[in-house]
Amino acid sequence: MMIKAIIRPERLEFVKQELEKAGINGMTIREVQGRGDQKGITLTYRGGKMNVDFIPKTMVDVVVADEMAEKTTEIIMKAARTGKVGDGRIFIIPVVRSFRIRTGEEVQ
């Protein structure tokens, strides 16, 4: 399964450390921008109000065996949670096949 987690950038190090403790080392990290239910935020800048529609987030992609998907999701959720609006979202996506490019072998 592929676990796609969109989290606060400042929580990345906590998520990474907890995944490593569980023996999950492989991950892909991307800086992304987005908005959820809060529809952006309003900031005050030099006395004026400014709407910021898209908020910087970090996307973490982790591929794990099906039986590890639930545990991995729990680890990410616990490490990324602040309890405030904008903590993020996690998606679980089936991985049909995977290949190691160097050798061409199919990986389970």
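## Salt bridges

The structure, a predicted model, holds eight salt bridges, a salt bridge being a side-chain nitrogen of Lys or Arg within 4 Å of a carboxyl oxygen of Asp or Glu. In this predicted model local features need pLDDT of at least 70 and side-chain atom pairs count only at pLDDT 80 or more, whereas totals for chains, interfaces and linings use all residues. Residues are numbered from 1 along each chain as its sequence is written, and side-chain values use heavy atoms, with hydrogens and water left out.

One salt bridge brings together the side chains of Lys4 and Asp61, at 3.0 Å from N to O. This pair links distant parts of the chain, with Lys4 in strand β1 and Asp61 in strand β5, 57 residues apart. Helices (H or I, at least four residues) and strands (E, at least two) are DSSP runs, numbered from the N terminus. Lys4 and Asp61 are both buried; buried means under 20% relative accessible area, exposed means over 50%, and partly exposed lies in between (1.4 Å probe, protein chains only). Lys4 and Asp61 also belong, with Arg30, to a network of salt bridges.

A further salt bridge is formed by Arg100 and Glu105, whose closest N and O atoms are 2.8 Å apart. Arg100 is partly exposed, because its relative accessible area is 34%. Glu105 is likewise partly exposed, with a relative accessible area of 37%.

## Asp87 and its surroundings

Asp87 is found in the loop between α2 (69-80) and β6 (88-93). With a relative accessible area of 16%, Asp87 counts as buried. Asp87 forms a salt bridge with Arg8, in which the closest N and O atoms are 2.8 Å apart. Arg8 lies in the loop between β1 and α1 and Asp87 in the loop between α2 and β6, so the pair ties together parts that are 79 residues apart in sequence. Arg8, like Asp87, is buried.

The side chains of Asp87 and Arg8 are also joined by a polar contact of 2.8 Å. A polar contact is a pair of N or O atoms within 3.5 Å; within protein, one must be able to donate a hydrogen and the other to accept it, and residues adjacent in sequence count only if both atoms are side-chain atoms. In addition, the side chain of Asp87 reaches the backbone nitrogen of Gly83 at 2.8 Å. Not counting residues up to four places away in sequence, Asp87 touches Ile6, Ile7, Arg8, Ala80, Arg81 and Thr82, where contact means heavy atoms within 4.5 Å.

## The nonpolar core

The largest nonpolar core has 14 residues, of which Ile7, Val15, Leu19, Val62, Val64 and Ile76 touch the most other members. The elements that give two or more residues to this core are β1 (2-7), α1 (12-21), β5 (55-63) and α2. The largest share, five residues, comes from α2. Such a core is a set of buried Ala, Val, Leu, Ile, Met, Phe, Trp, Tyr and Cys residues joined through side-chain atoms within 4.5 Å.

Among the core residues, Val15 is in contact with Ile7, Ile76, Ala79 and Ala80, leaving aside its neighbours within four places in sequence.

## Thr58 in strand β5

Thr58 is found in strand β5. Its relative accessible area is 5%, and Thr58 is therefore buried. Apart from neighbours within four places in sequence, Thr58 is in contact with Ala5, Ile6, Ile7, Pro9, Leu12, Ile29, Arg30 and Val32.

## Two methionines

Met27 lies in the loop between α1 and β2 (28-34) and counts as partly exposed, at 22% relative accessibility. Not counting residues up to four places away in sequence, Met27 touches Lys16, Leu19, Val60, Asp61 and Val62. The C-alpha atoms of Met27 and Val64 are separated by 9.9 Å, these residues being 37 residues apart along the chain.

Met77 lies in helix α2 and is partly exposed at 38% relative accessibility. Between the C-alpha atoms of Met77 and Ile90, 13 residues apart along the chain, the separation is 8.0 Å.

## A nonpolar surface patch

Leu43, Tyr45 and Met50 form a nonpolar patch on the surface, with about 280 Å² of accessible area together. Patches are made of residues with over 30% relative accessible area and no salt bridge; like charges are joined within 9 Å and nonpolar side chains (Val, Leu, Ile, Met, Phe, Trp, Tyr) within 5 Å. Accessible areas come from the Shrake-Rupley method with a 1.4 Å probe, and for residues only the protein chains shown count as cover. Tyr45 is found in strand β3 (residues 41-45) and is partly exposed, with a relative accessible area of 49%.
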